Amino acid sequence: MTTQNIDSATTSRSVTAGALPLRKIVQRTRGNRDGPITRLMSPGDLGEVLKPFVFLDLFDMEKTSFPGLGLHPHSGIATVTYLFEGDVRYEDTSGATGILTKGGVEWFKAGHGAWHGGGPGDSGRTRGFQLWVALPPEQELAAVDSVYQAPDAVKRVGPAHVLVGTHGGVASPLKAPVSMNYLAVRLKAGESWSYQPPAGHTVGWIALATGRLLTPESVEAGELAIFEPSSGAIDFHAEADTEFVLGSSLPHPYDLVLGSHSVHTSPAALRAAEQRISEIKRRLQSEGRL
């Protein structure tokens, strides 16, 4: 097996074939598929294990078969959308609207309540991930923050694009609600890479869009794999051209209080956000947008 040190100048180091991993996989899933969308994580299942990461969707959609999602509400969470292929339309009640292209990032911090929607853009096929992150009490009822980054604004370290957080001395301009990293990584067949999480990032997971990795356990396209709680490094070797996302963070020490479209830390915060969501709904209906 050929190994390669992709990013030895920053945080990566070569992986020796056959070496024991510093982090073991303790759980994995292929989630539940509904048409072009596979839900790999929800607050009622793996979100409790991986919080603040509470939802993760893998989508692979053709424009002709998926018309998109109309405006719908969220609160208490931030969404991060990244595209490995294609483009999508977006709009939200902060007034933002446009096209997110391959390699771009949508950051939508719903806070005290907002609505957003979207669907396929101009490309025939669109592939990527949408992640939801639970907000801590001091931010769950804060003002909405929406940022849409063009591909050339997303910083890169070796094979990893830094979507949220700081890695290898490179920091995303997005303001993470907690100490967390969220990376999009591409490895070619035969390449190896190692991720060293920051101190305290005992939550760690990966999800593959394409390809196959050895960690050294094999993880394949469509799988979410959870690593044992630790701040140890995670080693990867690509057995095929592979695209994946990786998350690490401090644990989220709060309960997950769930609404129809929301995740909060207390019933009182949920009630306040749902009231605001209802107020926005009435305005959208009066404008003929719902």
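Which residues point one way from β9, and which point the other way? The close-up views below begin with that strand in a predicted model, in which local features need pLDDT of at least 70, side-chain atom pairs count only at pLDDT 80 or more, and totals for chains, interfaces and linings use all residues. Residues are numbered from 1 along each chain as its sequence is written, and side-chain values use heavy atoms, with hydrogens and water left out.

**View 1. The two faces of strand β9 (residues 105-109).** Val105, Trp107 and Lys109 point one way from β9, whereas Glu106 and Phe108 point the other way. Five of the five residues of this strand are buried, so β9 is largely enclosed by the rest of the structure. Buried means under 20% relative accessible area, with a 1.4 Å probe and protein chains only; strands are DSSP runs of E, at least two residues, numbered from the N terminus.

**View 2. The partners of β9.** Strand β6 (residues 77-85) pairs with β9 in the antiparallel sense over five bridges, and tyrosine 82 stands opposite valine 105. Strand β12 (residues 145-149) also pairs with β9 in the antiparallel sense, over five bridges, with tryptophan 107 opposite valine 147. Two strands pair if DSSP finds at least two bridges between them.

**View 3. An open sheet of seven strands.** The strands follow the order β1-β22-β19-β24-β17-β14-β13, with antiparallel pairing. At the edges are β1 (25-29) and β13 (156-157), each of which pairs on one side only.

**View 4. Strands β19 and β24 within that sheet.** Strand β19 (residues 203-210) and strand β24 (residues 242-249) pair in the antiparallel sense over seven bridges. Glycine 247 in β24 is the bridge partner of tryptophan 205.

Notes:
Helices (H or I, at least four residues) and strands (E, at least two) are DSSP runs, numbered from the N terminus. Buried means under 20% relative accessible area, exposed over 50%, partly exposed in between (1.4 Å probe, protein chains only).
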